[in-house]
Amino acid sequence: MSSLNGKVAVVTGGNSGIGYTTAQKLKHRGAEVIITGRSAEKVQSAAEEIGVRGMVADVRDLSAIDHMADQIKNEFGKIDILFVNAGVFQPVPIGQISEEVFDYQMEINFKGAVFTIEKLLPILNDGASIINLSSVNAYTGMPNTAVYAASKAALNSYTRTASTELAPRGIRINSVNPGPVETPIFGKTGMKEEDLNGLAEEMQNRIPLKRYGQPEDIASLVAFLASDEASFITGSEYNIDGGININPLLS
Ligand SMILES: NC(=O)c1ccc[n+]([C@@H]2O[C@H](COP(=O)([O-])OP(=O)(O)OC[C@H]3O[C@@H](n4cnc5c(N)ncnc54)[C@H](OP(=O)(O)O)[C@@H]3O)[C@@H](O)[C@H]2O)c1
């Protein structure tokens, strides 16, 4: 297990779920960690719990990202690890997709990711590692996820292009595609509890390893990609999904 001593790591959406656990892991491996999020209250309490620096920046607000970049530059100088994790999930069937639902997911999951990288690029060290948190939904065709899935597919396409453009600076960029992971994201969809439970059972049955992922599973992969052990890996995507992307025709 490679040490992250001396590295500065930024985790967007670090007050909850996968981001929270990854911030803990990166800190445990020796990195100085900054978590960001859109709610001052949530960011502050998570930062205190984990023992890291918290900064508020809604990724839909480009001036807020500029401000965050200035804060990081002033307090930490440079960044070595950027985990672009902030995201939202709003399942809606085709035929009921409103402009609001479209814009919300695209603005946070894709535009927010692109401009987080754009604005932090000047303070990324040469040789830095960027990890984009995508989803197997980019490939699975799961009902009601057309916009969410497209936002993640766009992110994966961006990752591939960015890997060639950033390579001259030795900056590596990869995508992580989780299957279902037990986090608060599902409770934020506005779905009724019984529908959420039904969805959870159905998804779990379709996962060959017969369990949801845990934030810890994803954090371990992110910590590896962030480390020097992954120094020859860029422009790649990693499914981490208990095998759901295999999607067997017969079970
Ligand atoms: N859980 C899964 O099954 C799963 C599977 C595949 C991919 N993913 C992806 O994993 C990432 C993390 O999700 P999670 O499951 O850990 O969910 P989560 O617990 O809801 O965490 C998402 C984080 O992103 C933050 N966020 C949302 N909108 C933001 C914005 N506009 N600006 C800044 N921060 C914002 C959230 O803040 P609030 O607390 O204020 O909402 C929260 O801190 C997302 O990109 C998601 O799409 C999740």
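## Helix α1

At 1.5 Å a residue, the 12 residues of α1 ought to cover 16 Å, and the gap between its end C-alpha atoms is 17 Å, which agrees. Keep in mind that this is a predicted model. Helix α1 sits well inside: 10 of its 12 residues are buried, so the rest of the structure largely encloses it.

Who are those buried residues? Going along the helix, they are Gly17, Ile18, Gly19, Tyr20, Thr21, Thr22, Ala23, Gln24, Lys25 and Leu26. Their packing partners are β1, β2, α2, β4, β5 (124-133) and α8. After α1 comes Gly30, with a positive phi near 110 degrees.

## Strand β1 and its two partners

Strand β1 (residues 8-12) is mostly covered too, with five of its five residues buried. Val8, Val10 and Thr12 point one way, Ala9 and Val11 point the other way, and all are buried. That fits the general pattern: in a regular strand, side chains alternate between the two faces of the sheet.

On one hand, β1 pairs with β2 in the parallel sense over five bridges. Within that pairing, Val8 has Glu32 as its bridge partner, and Ala9 has Val33. To get from β1 to β2 the chain goes through helix α1 (residues 17-28), and this β-α-β crossover is right-handed. On the other hand, β1 and β4 run parallel and are joined by three bridges, with Val10 standing opposite Leu82 in β4.

## Strand β2, enclosed

How many residues of strand β2 (residues 32-37) are buried? Six of the six are, so β2 is largely enclosed by the rest of the structure. Glu32, Ile34 and Thr36 point one way, while Val33, Ile35 and Gly37 point the other way, and all are buried.

Besides β1, strand β2 pairs with strand β3 (residues 53-56), again in the parallel sense, here over four bridges. Gly37 is found opposite Val56 in β3. The link from β2 to β3 runs through helix α2 (residues 40-50), and this β-α-β crossover is right-handed.

## Helix α3, a helix with two sides

Helix α3 (residues 62-76) has 15 residues and reaches 21 Å from its first C-alpha to its last, close to the 21 Å expected at 1.5 Å a residue. Its buried residues are Ile65, Met68, Ala69 and Ile72. They span an arc of only 105 degrees around the axis, which puts them on the same side of α3. The general background is simple: an α-helix has 3.6 residues a turn, so residues three or four places apart point the same way.

What do the buried residues of α3 pack against? They pack against β1, β2, β3, β4 (79-84) and α4 (99-120). On the other side of α3, Ser63, Asp70, Asn74 and Glu75 are exposed. The helix is followed by Gly77, whose phi is positive, near 85 degrees.

## The cores

Pulling back to the nonpolar interior, the largest core has 53 residues, and Ala9 and Leu82 have the most contacts inside it. Helix α8 (residues 215-226) gives the most to this core, with six residues. There is also a second, separate core of six residues, with Val136, Val147, Tyr148 and Ile244 among them. In soluble globular proteins, nonpolar side chains tend to be buried together.

Leu82 deserves a second look. Setting aside its neighbours within four places in sequence, Leu82 is in contact with Val10, Ile117, Leu120, Leu124, Ala128 and Ile130. Val10 has already come up as the residue opposite Leu82 in the β1 and β4 pairing.

## Tyr139

Last stop is Tyr139, which belongs to helix α5 (residues 137-140). Tyr139 has 18 C-beta neighbours inside 10 Å, so it counts as partly exposed; being buried would take 20 or more. Tyr139 and Ala149 are 10 residues apart along the chain, and their C-alpha atoms are separated by 7.5 Å.

Notes
Residues numbered from 1 in each chain as written. Predicted model: local features only at pLDDT ≥ 70, side-chain atom pairs only at ≥ 80, totals over all residues. Core = buried A, V, L, I, M, F, W, Y, C linked by C-beta atoms within 7 Å. Helix = DSSP H or I, 4+ residues; strand = E, 2+ residues; numbered from the N terminus. Contact = placed C-beta atoms within 7 Å. Pairing = 2+ DSSP bridges. Right-handed = clockwise from strand over helix to strand, strands pointing away. Expected span 1.5 Å × (residues − 1). Arc of directions from axis to C-beta.
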